[in-house]
Amino acid sequence: MIRLQDITKVYIMGKRELEVLRGVNLNIRQGETVAIMGPSGSGKTTILNLIGCLDVPTSGSYYLDGREVNRLSRGELAQIRAQKIGFIFQTFNLLPQLSALANVELGMRYAGIADSRRAMEALDWVGLSDRARHRPSELSGGEQQRVAIARALVKRPPLILADEPTGNLDSRSGEEIISSLITLHNEQNNTLVMVTHDADSAHHCQRIIHLKDGQIVAEETL
Amino acid sequence: MKRWLEPLSTAWEGVRTHKLRSSLTILGIVIGVAAVITLMSIGRGTSAEILSRIESLGSNLVLITPGAFSERGVMSAAGSAANLTLEDAAAISEQVPHVTAVAPSSSARSQLIAGGKNTNASVIGVTPEYQQVYNLKTTEGAFISPSNYQDAANVAVIGTTVKDDLFSGVDPIGQQIRMGNSVVSVMGVLESKGASMMGSTDDAVLVPLTTLQQTISQRLTSTGEHVVNSVAITVSDQKQSDDVVNEITSLLRSRHQLAAGAADDFTIRSMEELIGTVTEMSNTMTNLLGAIAGISLLVGGIGVMNIMLVSVVERTREIGIRKALGARERNIWSQFLTESAFLSLSGGLIGVAAGWIVSHIVSSRGTPTLVSPDIIVLAVSVSIGIGLAFGFLPARRAANLNPIEALRYE
C-alpha cells in the first residue's frame, strides 16, 4: 500500500540546509500495523507527514496505492487526505469551539460526508457517546484523544497515522488509547502507522522501524 | 446539513466564537451603511421637494421675459426692457402650435390700503389664463373671469400674505382695497404655494391686466403695442417644449424685426430646462453626500479586513487541523471569505434598518427624506462587496498556509 523509495527531505533554515531524511526505503502492506521509533530529530514525524501527504519529499518517490504522490498538486494531496487518511496528533488538535460530536463530524466534512448519526456511532466506538455535547475543555486528556480517534476513523479511511498519540497522556490513558486503536484496526482492517517514543505502545504493532539521523537503522517484526 | 450550507455554518461558528469582536466589526459597517442611507435619503428627499415645488407651477411652463441674458449669464436689464407686448402674446397664441394657454402679465409695486391697515405688495395685471398657466387655486371666492378682463373691472384676487396683512380676522371677500388712485374690491383669495423660483403669489394682488393698464401703469411701445413684463405659456406636451421655444423665438424675432445676426431682445426659459438644471444640481449634492458617507463605509471595510487578518493568525492551528483533515485551499478560502461577507452583510442589513430609522427621525424634524429601494440595494451590495474585497487578502493568506507549519503554530 505504501512504498517509499530513496526518500530525502531537506529543510532550508535560513542559509543552512538541514537534511532530515537521507534515503529512506520502506514498504508497508495494506492492513499492517507499524510503529516508527527513534530519538527526537531522527525524522520520525517528517516521515509521517510525507506518508500523510502533508508534505512532499525533496527527492525520491512515494507511491500510495500505486499512485506516485510526490507528483500531485496541493489540491490532489488534500483530496487524498480527505478520502484516505485519518490523522491522530500528540496534542489532540480538536477545535476548542466545537462539541465532541461536531469535531467528529469535521473529520468527514472534507470527504463530502455530513452525517451526524455516523459521527455518533464513531463516538460510540471509543465509548464517548454520552459526552457528545461536551466541549474539548470539558473532557480529560484521554477522552480528548478518544474524540480525536473517532474523528480520524469516522470516514473509515484505509490509512491511520498517529503521531505520538500517547505522548501527552498518563500511562493508563495511554494504554487505553493504544488498545482502542488496535481494536478498531482489527475491526476495520485499516493500515496503522504510529510514531512513538514508548516501547510498550510500539510492541502492540506488528512491525517496528527504528530511525536514526534520517535513516532506517533497524526493523523488527513481532 | 446540506453541503452548500457548510461554509455558512463554519462562518457562523467563527462569528459566534468571537461575539464581541464580531459585533464591533459589524458596528463599523452598520455606521457606514446607515450614514450612506441617511445622507442619501436627505439628498433625495430635498431634491424631490424642490422639484415638486417647481412642478406645482406646471412642468410644461415656458416663460418669456423681455431683454436678453448677457454672455456671462448675468441678466442684463431683463424685465426692464419695454419690448414684449400683449400683441406678441396674442400672436403666439394664434400662430404657435402645441400652446394650450398664453398668460401675459405686467406687474408693479404699490402701496395698498384697506381699512386702517396698509402694506406694500406687487400688483400683477393678469388675464384669466393666468390661473391655468400657473396652476393657481382659490380658497375663497373666484378667479378673474374673461368678462372681468374685458370690462377692466375693479376687482382683485389676493395672496394669503396680503390677506393676513390687511384682513386678519375679517372675511376679505367684497372688501375694498385702495391702490394708488383707484379702489378694487376683493373677489377671491389664492391658495398659498410657498416661495418658489418664479416668485410667490402669496404676497401679490392680482387684477385684470386691463385694469392695471388703466389705473396704475400704461406703457406703449413706439409702434403702439401694450408692454407687458412677462408672457407665460403652457405647452400641451412637455416633449414639444423645445419646438415651441424655437417657434416662439422665430416668431418674436420677426415681430421685433431683429436682423439675422442680432441677439434676441427677449429671454425664453422652459420649466423643463429649469427642472433639468435643478435635478443635475441636486444629484451632484446627493452624490457628494453619498461619497462622504461612503468614506465611513470604506473605513468599516478596512475594519473587517483588520479583524479577518487577526482572525487568520489566531486560527493558524485550526487551519492546519482542517488541512490535515483534507480541507482544500478553496475550502479554507471560502470559509474566511464567507465569514467576512457574513460580517459585512449583517452589518449592511442592520445598517439599512438603522439608516431607515434615522432618516425617519430626520424627516419628522422637518427635513424631507426619501429612502428609495435603489439606495438600499446599493448600500447592501456595496457592503457585501466590501466584505468580499477586504476579506480576499486574509482568506488567501489563510488558504496558502503550509499545513505542517500551521499545525506547529502555538
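Is Q188(A) buried, exposed or partly exposed, judging by the other C-beta atoms within 10 Å? Select Q188(A) to begin: this residue is partly exposed, because 15 other C-beta atoms lie within 10 Å, where 20 or more would make a residue buried, 12 or fewer exposed, and anything in between partly exposed, with C-beta atoms placed from the backbone.

Before moving on, note that this is a predicted model, in which local features need pLDDT of at least 70 and side-chain atom pairs count only at pLDDT 80 or more, while totals for chains, interfaces and linings use all residues. Residues are numbered from 1 along each chain as its sequence is written, and chains are lettered from A and ligands numbered from 1 in the order in which they are written.

**Around Q188(A)**

Colour helix α6 (residues 171-188) of chain A, where Q188(A) is placed; helices here are DSSP runs of H or I with at least four residues, strands are runs of E with at least two, and both are numbered from the N terminus. Next, show L153(A) and R156(A), the residues in contact with Q188(A) once its neighbours within four places in sequence are left aside, a contact being two C-beta atoms, placed from the backbone, within 7 Å. Then select P157(A), which is 31 residues from Q188(A) along the chain, with 9.2 Å between their C-alpha atoms.

**The sheet in chain A**

Chain A as a whole has seven helices and 10 strands. Among these strands, find the open sheet of four with the order β2-β1-β4-β5 and antiparallel pairing, two strands being paired if DSSP finds at least two bridges between them. Select β2 (16-28) and β5 (67-68) of chain A, which stand at the edges with a single partner strand each, so one side of each is left without a neighbour in the sheet. Strand β1 (residues 2-13) of chain A pairs with β2(A) over 10 bridges, and within this region you can pick I7(A), whose bridge partner in β2(A) is V24(A).

**The nonpolar core**

Now select I36(A), A150(A) and I37(B), the residues with the most contacts inside the largest nonpolar core, which has 112 residues; such a core is a set of buried Ala, Val, Leu, Ile, Met, Phe, Trp, Tyr and Cys residues joined through C-beta atoms within 7 Å. Helix α2 (residues 19-56) of chain B gives the most to this core, with 12 residues. Finish at I36(A), which touches, among others more than four places away in sequence, K44(A), V193(A) and L211(A).
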